[in-house]
Amino acid sequence: MNNKKVAFYTLGCKLNFSETSTIARSFKEEGFERVEFTESADIYVINTCSVTENADKRFKTIVKQAQKVNEDAFVIAVGCYAQLKPEELADVNGVDLVLGATEKFKITDYLNDLTKNDLGEVHSCEIDEADFYVGAYSIGDRTRAFLKVQDGCDYKCTYCTIPLARGISRSDKLDNVLNNAAEISAKGIKEIVLTGVNIGDYGKGEFGNKKHEHTFLDLVKALDEVDGIERLRISSIEPNLLKNETIDFVAQSNTFVPHFHIPLQSGSDDLLKLMKRRYMSSLYTNRVEQIKDVMPNACIGVDVIVGFPGETEERFLETYNYLNQLDISYLHVFTYSERDNTPAAEMEGVVPTKVRKKRSKMLRGLSAKKRRAFYESQLGNTCTVLFEGENKEGYIHGFTENYVKVKAPWNPALVNTLHQIELTSIDEDGMVRFEFALEKVAV
């Protein structure tokens, strides 16, 4: 397989990006050259997502993109959608191989023959067999790496297919996580984002046994001691698993940044019960207040679902008003879409598509308002920014530790560097301008 070229496309979450990166390294070890997805390659690998209907639909479009570049290329589908509906993906014109949850990390074992197939070949397992852990981390963006620490989920939220796609909750060994973090740091990457399906559940054994050898707090404390890491960021964490001890530790940590992303899904307790979430809105309020008490400048992001079955106008307004008064920084809004084999798909009180879209638009507007208010509250503060590596229309962008997005005229010398800055004003595009704190040079 020497001199063969491979390209990757990732749909979905940070966890998928970490796994794509790990799969790509396995190709490199076999002598493949990695190229961009827009370039001609012998193999195209698409890492799929199944969280929303839109991610399902995009898959066909991406396959067509690959075929336009090289109609003879071998096309492989992996990831959550590939586990849930392998036959459906195999039927897509141009797809040659579909690998489920346990096979995707053995992908290079399936490449003896790259002859195009009339029908996609499927290698998929029963999800009960996905009971072992495979570590992963992403390196590509020079400034940030996604480090997988946990996989799978034991929760039974009524709208979610992730347990069907990824299996039981299981974790990496603490030593492995620390070794991976040290490897990432040694490559000059300044920021690590911890990722998984349900990272607050960290500690369940590699094979999903219920004994917690280490807790999420143990993990956070151990990572804080790894030499060379400038920044550690916790990605999405369930409110019931984000303990006050963890919040207090992050507040005094040298490397963990004051940024939390906490799924809420609904501000209506009635809907939270229908969703089979493991908390009520009062607990969520408590978490937000605890964070703001010890880290007043912390950024808090929120996941919310609109249009869930049973979401009456009254329940939607309950969510809207709850979020409006809450001291949060931005929203990720998901419009509910029915997923096969989930209890929610059979529930009464279906919300019309038009109404879902209208409510989604309202919450996105609220998110813009919240982000603006958060940015305004940060003006005059001195922060540390990590600059990204892309020239976007003549500007370089970066994020402060508390996730304020800043911009300055493009300067390649700033890429992947940390600087103390003072936030001065908000641009017309919503990004923040600054002065370098020491030099006081306006940009």
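A salt bridge here is a side-chain nitrogen of Lys or Arg within 4 Å of a carboxyl oxygen of Asp or Glu. Keep that in mind for the exercises below.

The model is predicted, so local features need pLDDT of at least 70 and side-chain atom pairs count only at pLDDT 80 or more, while totals for chains, interfaces and linings use all residues. Residues are numbered from 1 along each chain as its sequence is written, and side-chain values use heavy atoms, with hydrogens and water left out.

**Exercise 1. Describe how domain 2 and domain 4 meet.**

Step 1. Find the parts. The domain bounds, which come from an automatic or database domain assignment, are 5-128 for domain 1, 131-257 for domain 2, 261-377 for domain 3 and 381-436 for domain 4.

Step 2. Count the residues that touch. Domain 2 brings 11 residues to the contact and domain 4 brings 13, where contact means heavy atoms within 4.5 Å. The centres of the two domains, taken over C-alpha atoms, are 27 Å apart.

Step 3. Look at the area. Buried area is the accessible area (1.4 Å probe) that two parts lose on being put together, summed over both. For domain 2 and domain 4 this is about 970 Å², and carbon and sulfur atoms give 49% of it. Thr-143, Lys-190 and Arg-231 supply 50% of what domain 2 buries against domain 4, more than any other three residues.

Step 4. Add the polar links. The rule finds one salt bridge across this interface. Arg-144 and Glu-388 form a salt bridge through their side chains, at 2.9 Å from N to O. Six residue pairs are in polar contact between domain 2 and domain 4, both residues at pLDDT 80 or more. A polar contact is a pair of N or O atoms within 3.5 Å; within protein, one must be able to donate a hydrogen and the other to accept it, and residues adjacent in sequence count only if both atoms are side-chain atoms.

**Exercise 2. Work out whether Arg-231 is buried or exposed, and what surrounds it.**

Step 1. Place the residue. Arg-231 sits in strand 11, residues 231-234. Strands (E, at least two residues) and helices (H or I, at least four) are DSSP runs, numbered from the N terminus.

Step 2. Apply the cut-offs: buried is under 20% relative accessible area, exposed over 50%, and partly exposed in between (1.4 Å probe, protein chains only). Arg-231 has a relative accessible area of 4%, so this residue is buried.

Step 3. List neighbours. Not counting residues up to four places away in sequence, Arg-231 touches, among others, Lys-190, Thr-255, Thr-384, Phe-399 and Leu-418. Its side chain also makes a polar contact with that of Glu-191, at 3.1 Å.

**Exercise 3. Compare the settings of three Asn and Glu residues in loops.**

Step 1. Begin with Asn-198, in the loop between strand 10 (191-195) and helix 7 (216-223). Asn-198 is buried because its relative accessible area is 3%. Beyond four places in sequence, its contacts include Gln-150, Cys-153 and Glu-238.

Step 2. Turn to Asn-341, in the loop between strand 14 (330-335) and helix 12. Its phi is near 65°, a positive value in a residue other than glycine. With a relative accessible area of 71%, Asn-341 is exposed.

Step 3. Finish with Glu-393, in the loop between strand 15 (382-387) and strand 16 (395-400). Glu-393 is not a glycine, yet has a positive phi of about 55°. Glu-393 is exposed, with a relative accessible area of 79%.
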